Amino acid sequence: MRPHALVPFLGAGLVVAALLATPLAQAQSAILEGERFHPEVGTRGMVATSHFLATEVAHEVLAAGGNAVDAAVTAGFALAVTQPRSGNIGGGGFMLISDEDSGEVIAIDYRETAPAAATETMFQDEQGNAVSEWSRFTHRAAGVPGTVAGLALALEEYGTLTLAEALAPAIRLAEEGFEIPPRFAEGVAQAGDRLTRWESTRAMFFKEDGSPYEVGETFRQPDLAATLTRIAEQGAREFYEGETAELIVAEMERHDGLITREDLAGYRPDIREPSHGNYRGHDVYAMSPPSSGGVHIVQMLNILEAYDIAGMGFGAADTMHLMAEAMKRAYADRSEYLGDTDFVEVPLEGLTSEGYADELRAGIALDRATPSAEIAPGNPLPYESSETTHFSIADGDGLAVSNTYTINFSYGSGIAVAGAGFLLNNEMDDFSAKPGVPNAYGLIGGEANKIEPGKRMLSSMTPTIVKRDGRNFLITGSPGGSRIITTTLQVLMNVIDHGMNIQSAVSAPRLHHQWLPDELRIEAGFSPDTLALLEARGHTISQEAAMGAAQSIVIEDGRFHGGADPRRSTSSAMGL
Ligand code: DON
């Protein structure tokens with residue numbers, strides 16, 4: 001197995017906490033010696049992804065003179081092969097691209113859409129009860145996939161490679177196979193029941209005799225190689241109108257699914273304007289609807305900017321309390337207002353305005369947690385009209401890419417398209433199956449996120465690019481369902497407020513509050529004294545496993561710093 005550039009600690013929460021007690025103000029790239037956690041450093045570019053093989057092929061593209069978008073599309077297809085539990089061509093996502101030369105930051109929205117035959121109550125039984133099994137583990141759980149069209153659009157508009165060139169490493173990895181790392185084998189073992197339920201999925205992940213692949217064995221995916229080869233030869237429309245489309249439709253027809261030829265042929269990615277805000281002199285760009293991520297990052301930063309977070313310090317009860325209070329208020333608004341802006345009006349201007357943040361801040365007490373029951377979605381007028389993967393890439397010519405894509409759960413619906421070698425998403429669960437009923441991440445959605453044909457389901461994915469003095473500065477984002485937005489927020493605050501280098505910023509322990517349930521979730525690594533102080537203010541603390549995996553980059557003083565998130569054992573950053 002090839003070694004990979006991964007940070008040297010895992011589960012060392014207490015050590016991290018001790019490190020973080022040291023003031024690191026504005027340390028990012030100036031002098032790293034003397035610090036305990038070290039980012040990967042490059043002078044001409046950086047790739048940070050959740051799988052070392054994807055990092056490697058994207059790095060090769062940059063080294064050969066390709067730009068950050070070329071490298072991103074190459075990584076996106078490679079992850080579909082090396083990390084099939086979340087890397088995907090059967091799902092969708094969002095890509096932010098920042099071009100320093102033009103000053104433009106754009107977002108490619110390749111989120112899945114609801115099929116034309118989808119209805120508002122399709123996941124409710126005759127008594128009107130939401131049936132989560134239907135929205136998660138059936139063929140009806142799948143939205144129309146957007147990844148192939150989205151990556152192809154990025155390449156066409158901003159890349160220099162042909163689609164066939166960007167697909168070549170993925171095809172090679174699928175055909176020749178790769179050595180199975182421990183995380184891959186563990187994932188398959190954990191999801192064993194789901195992956196053996198459908199013959200097409202069983203055939204993909206298990207040997208012919210039904211036994212699992214062992215760590216170090218070679219994993220080949222001939223059906224996926226054939227699918228990717230068809231796309232390379234015939235173009236992205238092959239997935240939507242060619243043999244691959246036929247295989248998807250046949251799979252749907254055999255199992256009562258809804259996606260038709262017309263749904264596939266009609267799928268189009270969109271280019272959108274990202275949400276934008278300002279935080280302590282930095283320009284923050286993050287994904288706009290149909291993601292809630294960008295809106296709420298900006299909203300929370302607006303609330304928090306008025307406090308002396310740096311002075312309070314990382315991991316201090318005051319800091320954590322204020323973050324939790326901001327989070328609760330943002331997630332309450334999410335439950336009411338957020339949805340696909342092509343279908344519903346979302347008060348984006350209000351939600352991201354400083355005036356509204358002032359109003360929300362006025363309701364925050366420093367010495368007492370506001371119980372979630374006392375927080376209702378606010379009034380941000382005026383109206384104007386558990387596996388995902390994130391990667392960050394920057395080149396030496398001022399182009400940066402922040403991409404998060406997903407099939408929703410680890411292994412999506414668990415259903416592989418027979419003969420095509422890829423898993424279908426279960427993104428339909430991100431709609432509200434019934435207003436007020438939580439989805440898999442405990443997120444409540446309202447009318448704004450009800451199911452409608454052709455609509456995109458609300459997401460939390462938050463690919464983010466922060467600029468400083470007009471230059472790309474921080475590129476980040478994360479998986480983690482509802483915790484994506486708060487994970488991304490914390491990476492940003494760790495760098496901007498606490499002056500951490502990017503490796504320390506992604507490694508630091510995290511917290512999360514999403515309004516409902518009323519609990520403050522925390523990773524290991526915060527001190528018991530601090531947690532006691534938070535409990536005394538009324539917070540209910542719940543200790544959680546690791547949250548998020550924020551593969552990130554900071555660019556400063558002409559140097560590229562890569563932070564691979566230690567929460568994924570395959571994470572890697574490579575600079576050049
Ligand atoms: O779009 C969303 O918000 C979710 N489908 C993302 C799912 C996810 O991050 C699962 N990961 N760990």
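The following legends describe close-up views of a predicted model. Residue numbers start from 1 along each chain as its sequence is written, and side-chain values rest on heavy atoms without hydrogens or water. Local features require pLDDT of at least 70 and side-chain atom pairs pLDDT 80 or more, whereas totals for chains, interfaces and linings use all residues.

**View A. The largest nonpolar core has 84 residues.** Such a core joins buried Ala, Val, Leu, Ile, Met, Phe, Trp, Tyr and Cys residues through side-chain atoms within 4.5 Å, buried being under 20% relative accessible area with a 1.4 Å probe, protein chains only. Phe 77, Ile 89, Met 95, Ile 97, Phe 205, Leu 228 and Ile 393 have the most contacts inside it. Helix 3 (residues 68–82) supplies the largest share, 11 residues; helices are DSSP runs (H or I) of at least four residues and strands (E) of at least two, numbered from the N terminus. Another core, apart from this one, has 61 residues, including Phe 137 and Ala 550.

**View B. Seven strands form an open sheet with antiparallel pairing.** The order is 7-4-3-11-10-2-19, where pairing requires at least two DSSP bridges. Strand 7 (270–272) and strand 19 (572–575) are the edges. Strand 4 (residues 104–110) pairs with strand 7 over three bridges, and Ala 107 stands opposite Arg 272.

**View C. Helix 3 and helix 5 pack on the sheet.** Contact denotes heavy atoms within 4.5 Å. Helix 3 touches strands 2, 3, 10 and 11, its direction making about 155° with that of strand 10; angles run from 0 to 180 degrees between N-to-C directions of axes fitted to C-alpha atoms, for helices over the stretch in contact. Helix 5 (residues 147–158) touches strands 3, 4, 7 and 11, at about 155° to strand 4.

Definitions and conventions. Buried < 20%, exposed > 50% of the residue type's maximum accessible area, 1.4 Å probe, protein only.
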